[in-house]
Amino acid sequence: MSATAWAWLVLLFPLLGSIAIGLGFRALPAKAAGAIGTATIAAAFLCGVAMLVNLLGDSPDARHHASSLWDYASAAGLDIKLGIYVDPLSTFMVLVVTGVSALIHLYSFGYMQSDEGYHRFFSYLNFFVFSMLLLVLAGNFVLLTVGWAFVGFASYALISFWYRRTTATKAGMKAFVINVIGDIGLVLAAFLIFRELGSFDYGTVFETAPKVFSVNEWTVTAICLLLLVGAFAKSAQLPLHTWLPDAMEGPTPVSSLIHAATMVTAGVYLIARTHTLFVLAPTAADIAAFTGLATLLVAGTIALVMTDLKRAIAYSTMSQIGYMVVGVSIGAYSAGMFHLMTHAFFKALLFMAAGSIIAAMANEQNIDKMSGFGRAMRFTSIAMLCGGLALAAFPFTSGFFSKDEILAYATARGGMYLIFTVLGYVGALLTAIYTFRLIFRVLPGKPCPEAQELIDSGHVHHAHPFNPATGEEEDTEVGFPGAEHHVAEQSAPMRIAMAVLAFLALFGGLVQVPGVDETITKFLDPVFADSPLSEIVPSVGASWAGLAIGAAISLAGIGIAYWVYVLRPGTSAALIRRLRPVHTLFANKWYFDEAIDLLVVRPALAVGRFANRTFERLVVDGLVSGTEDFVGAGGRVVRLVQNGFVRSYALLLIVGFAGLALYFLLSSS
Amino acid sequence: MNVEWYVVLSSLLFAIGATGILIRRSPVVILLCLELMLNAGNLALVAFSRMVGNQQGQVFAIVVMVVAACEVVIGLGLIVAIFRRRLPLDVDELTELRG
């Protein structure tokens, strides 16, 4: 079978799984639904591997295939196919998405076991994987938009999965609205591309774009900026990021899969996919890079002060995506994609560990109330440590190689781009500190009551079900988290998933060691060969120098965290007192929510109210009631004819026909 | 015989039927007059069919008879229903449909 045939199978399996679970939820026992969900994604992963093997059989320059099943729309000048595009980039994304998804499905199999919405959960989750695969495999901008909107919906459905929680439904709406802003950007970009280049197909667009556009022409810049709106909304970059922390209202596997490993990296994929256009619009690329840089610093500072375990990790996700956006925007394409992969491993793992701890805390997410889980949950804490080390770029873990590769490229490109190196290292320091702040506050120390309960009796703490955000009491029948909680220590599927990811988080970086193997760069190179930026390659020596600096910074960060949170436990409180305004700024997330509320939401509401009072009341209502009065008056006149006498109706009929007959007789003679 | 005679007879029957519908009040008689009009039409159809020399008019006349039979069934059914509910059998009294 050809690579494209395997790619179609990759798409088919999750879709079938979603439909089977969604329709068969009454017939299927709960375990079967989870098994089907996990098995279909695993099958998709195997098809992805087959796709990779097939692709490797081609010569490097011929590693791109397009295939289409049928025409979506074909009219004058418009030719949209249901087509996919298989090349190293999409294959890479397929493998990351299906691989991590399969593990997270396995994890959910244990984690969600007591939830009443088990079938619904797996149906949504499979649908999400299908949408994400559609997004990465799409062969034209139309299908890309379809996949883009599908993942937005799947994200909405899964964030508000516990739909009886008002906080969850509100978070879902917020995510959906902001994602739709991104969708609009993407759709407008696609329209503009079609107007200028006359095609939606990737192949045609990327071939003709360099011939049609001159560098920094306003149209191509506009296209790229619109694409960036889409990418920023999906990837939670400033200022369209506020939905991501709120999205943590969803179940933890969802945060792990969608809001850490896969969907939020769609923006990075989009920039990498359209790199041909960004090469033609260096201004837009620089805007993207600086936005990524700002996001990585802002999110890093917020993660320093967050007390909600999941939200802190969410801000860390934003920050890491900032690195990826910087990478693919300044030209370090393979490095950006490599960081995407390693981040998927360690961030999914961190969320899984966090999920396990939150389960042990009976849904409590506040780290102020957690401590001593190192003794209570040995496996979870080891997994969390592995994820944390990789996130903090501890030497020779996966994050160590990937993050520094981006910064090494920025150094090699030189000039203005040195800013990215310097501030990138500042971000790396923040990363190490906030990661180990979480670890040092949650794992060591005197066990909190919930951890003590786990140590003493081996039972997971079972509080009265309540919403941690509002304190509302909840029943557990439907639309709320299940009554029981599951921790990795007591659930084999969760342990397997976390063990595999822990291994990948620690050693996944070894596939791409500067000067040694560089597998990913070699694999992805044909895709980016057309970009002049891919000719800049940091020398092996420079890369290792960068790695050495990265290692020092990572160790320094971990050391600072150890000093502040373990050696001198009072330091952080003292720092907060000393730097009160800064802490307030960070703790309030740089006031982005408030600013958006003030600048966008309130004016929009005011305009709406004004329009309601004037236009709606006077013009629209005037038109409507005017029409109504007119029709009513006509009706009152016509009503007179309906006098109820059958004979008068008959007379009218006969006279009418006689008149008609007379008319025709006269006019024919 | 000439076709004009048939047409004249048909027109006369039609006119009688129409007049009956307009001036009578009993629903039964109105129904009879309606039949008369339909059969006037049938007569014209058959006459013209003979004049032209094909069978289509006759076939059509049979279709009209079927329709007439159906219409009578419904009409008589209505009349019986009106009678059973002890309503006056007078179309001028039954003016419920006034607008």
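This is a short walk through a predicted model with a chain A and a chain B.

Okay, housekeeping before we look around. Residues are numbered from 1 along each chain as its sequence is written, and chains are lettered from A, with ligands numbered from 1, in the order in which they are written. Since it's a prediction, local features need pLDDT of at least 70 and side-chain atom pairs count only at pLDDT 80 or more, while totals for chains, interfaces and linings use all residues.

On confidence, the model scores ipTM 0.80 and pTM 0.79. Chain B has a mean pLDDT of 89, with 99% of its residues at 70 or more; pLDDT, remember, is the predictor's confidence in each residue, from 0 to 100.

Let's start with chain A. You'll find 27 helices and two strands in there, where helices are DSSP runs of H or I with at least four residues, strands are runs of E with at least two, and both are numbered from the N terminus. Its radius of gyration is 29 Å, close to the 26 Å that the globule rule gives for 669 residues, so chain A is as compact as a globular protein of that length. That radius is taken over C-alpha atoms, and the rule is 2.2 Å times the number of residues to the power 0.38. Along the principal axes, the C-alpha atoms of chain A fill a box of roughly 110 × 65 × 55 Å.

How much of chain A is buried? Of its 669 residues, 52%. Buried here means 20 or more other C-beta atoms within 10 Å of the residue's own, exposed means 12 or fewer, and partly exposed is in between, with C-beta atoms placed from the backbone. For contacts in chain A between residues at least 6 apart in sequence, 80% join residues at least 24 apart; a contact is two C-beta atoms, placed from the backbone, within 7 Å.

The domain assignment splits chain A into domain 1 (3-587) and domain 2 (593-668), with bounds from an automatic or database assignment. The C-alpha centres of those two domains lie 54 Å apart.

Now a few helices of chain A. Helix α6, residues 166-197, has 32 residues and reaches 46 Å from first C-alpha to last, close to the 46 Å expected. That expected span is 1.5 Å times one less than the number of residues. After α6(A) comes G198(A), with a positive phi near 70°.

Over in helix α21, residues 492-507, sits I496(A). Is I496(A) buried or partly exposed? It has 16 C-beta neighbours inside 10 Å, so partly exposed. The C-alpha atoms of I496(A) and L106(A) are separated by 8.1 Å, though the two are 390 residues apart along the chain.

Then there's α27, residues 646-668, which has 23 residues and reaches 33 Å, close to the 33 Å expected. None of the 23 residues of α27(A) is buried, so this helix lies largely in the open.

On to chain B, which has three helices and zero strands, in the pattern α-α-α. Its radius of gyration is 17 Å, where a compact globule of 99 residues would be near 13 Å. The C-alpha box is roughly 50 × 25 × 25 Å along the principal axes. Just 13% of the 99 residues of chain B count as buried. Of its contacts with a separation of 6 or more, 46% are between residues 24 or more positions apart.

Last, the interface: ten residues from chain B meet ten residues from chain A. Chain B's side has five nonpolar, two polar and three charged residues. Nonpolar covers Ala, Val, Leu, Ile, Met, Phe, Trp, Tyr, Cys and Pro, charged is Asp, Glu, Lys and Arg, and the others, Gly among them, are polar.
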